[in-house]
Amino acid sequence: MKVDYHHTFGLPRKMVWKYIKNEKVLGNAIPNCKTLVQSSNGVYLAQIDVQFGPIKDVFELEVRVEKEKAPSYFHLSLRGKGTLGEFSGTADAFLNDHQGSCKLQIIADVEVTGALAGAAQRVINGGANKGIEKFFLNLEIEMKRSLYISRKGRKA
C-alpha cells in the first residue's frame, strides 16, 4: 500500500525539524496514543488504540529513524503488531521551505496483514487519509504549544 501525503506547517522548517521527533510532541499528536517513549536515539516505541469501523485493537509500534539529513530529510522504518494483524513499511519525509512555512511530503510504502489489511486498504483507496491528516494537524498544534511554552519560560 502506497501513501503520498503533503502538509504545510505554519512554522519555519528549522522549527518543524526541531519538534518533529520530540517524544512529548509526538505522543500528544498521535491520535489514540496510549504511550510513546524514545527507547534510544532515533527509536520510538508506542501503544496505539486503532479503530477502523468495527475493528478495534491495540498496536505495539516501533518507529526507527534510519537516515536523516537535517533539516530536510529523514527515512523511517515502521513495524506494528496487534491481535488483528501486523504492518511493516518504510517512509521518506521531505521538508522544504515554502513562503516562510515548511512543506512536508511523506512517501510511504506499508504492508498490512491480518484482519486490519482489508480495512486499511479500503481507507487508503477511498482517499480518506483522515488519520494521517489528523496526526499532522495535531502535530502542528503540539509544535506551536511547545514553542509557546519554551518562549514563555524564557521571558519569565
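This is a walk through one protein structure, from its overall layout to a few individual residues.

Please keep in mind that the model is predicted: local features need pLDDT of at least 70, side-chain atom pairs count only at pLDDT 80 or more, and totals for chains, interfaces and linings use all residues. Residues are numbered from 1 along each chain as its sequence is written, and side-chain values use heavy atoms, with hydrogens and water left out.

Let us begin with confidence. The predictor's confidence in each residue is given as pLDDT, on a scale from 0 to 100. The mean pLDDT of the protein is 89, and 90% of its residues reach 70 or more. Confidence is highest in strand S5, at 96, and lowest in helix H3 (residues 115-125), where the mean is 64.

Next comes the fold. You can find four helices and seven strands here. Helices (H or I, at least four residues) and strands (E, at least two) are DSSP runs, numbered from the N terminus. Along the sequence their order is β-α-α-β-β-β-β-β-β-α-α. Contact means heavy atoms within 4.5 Å. Among the contacts with a separation of 6 or more, 49% are between residues 24 or more positions apart.

How much of the protein is buried? Of its 156 residues, 37% count as buried, where buried means under 20% relative accessible area, exposed over 50%, and partly exposed in between (1.4 Å probe, protein chains only). The accessible surface comes to about 9200 Å², and 52% of that belongs to carbon and sulfur atoms. Such areas come from the Shrake-Rupley method with a 1.4 Å probe; for residues, only the protein chains shown count as cover.

Now look inside. In soluble globular proteins, nonpolar side chains tend to be buried together. A nonpolar core is a set of buried Ala, Val, Leu, Ile, Met, Phe, Trp, Tyr and Cys residues joined through side-chain atoms within 4.5 Å. The largest one here has 40 residues, and Phe-9, Val-16, Phe-74, Phe-136, Leu-139 and Met-143 touch the most other members. Strand S7 (residues 101-114) gives this core its largest share, six residues. Val-16 shows how distant parts of the sequence meet: leaving aside neighbours within four places in sequence, Val-16 is in contact with Phe-9, Leu-11, Leu-95, Cys-102 and Met-143.

Cys-102 is buried, with a relative accessible area of 0%, and Cys-33 is buried as well, at 19%. The structure holds zero disulfides, a disulfide being a pair of cysteine sulfur atoms within 2.5 Å.

Cys-102 also belongs to the surroundings of Arg-13, a residue of helix H1 (residues 13-19). Not counting neighbours within four places in sequence, Arg-13 is in contact with Pro-71, Ser-72, Leu-95, Asn-96, Asp-97, Ser-101 and Cys-102. Arg-13 counts as buried because its relative accessibility is 18%.

One of those partners, Pro-71, deserves a closer look. A cis peptide bond joins Ala-70 and Pro-71, with omega about -15°. Pro-71 is placed in the loop between strand S4 (55-69) and S5.

Strand S5 (residues 73-82) holds His-75, which counts as buried at 16% relative accessibility. The side chains of His-75 and Asp-92 are joined by a polar contact of 2.7 Å. A polar contact is a pair of N or O atoms within 3.5 Å; within protein, one must be able to donate a hydrogen and the other to accept it, and residues adjacent in sequence count only if both atoms are side-chain atoms. Beyond residues up to four places away in sequence, His-75 touches Arg-64, Val-65, Glu-66, Lys-67, Thr-90, Ala-91 and Asp-92.

Asp-4 lies in strand S1 (residues 2-9) and is partly exposed, with a relative accessible area of 46%. The side chain of Asp-4 makes polar contacts with the side chains of His-6, at 3.4 Å, and Gln-105, at 3.0 Å. Although Asp-4 and Ala-91 are 87 residues apart in sequence, their C-alpha atoms are 9.5 Å apart in space.

We finish with two loop residues. Asn-32 sits in the loop between helix H2 (23-29) and strand S2 (33-40) and has a positive phi of about 60° although it is not a glycine. Gln-99, in the loop between strand S6 (85-98) and S7, has a positive phi near 50°. Asn-32 counts as exposed at 51% relative accessibility, and Gln-99 counts as exposed at 75%.
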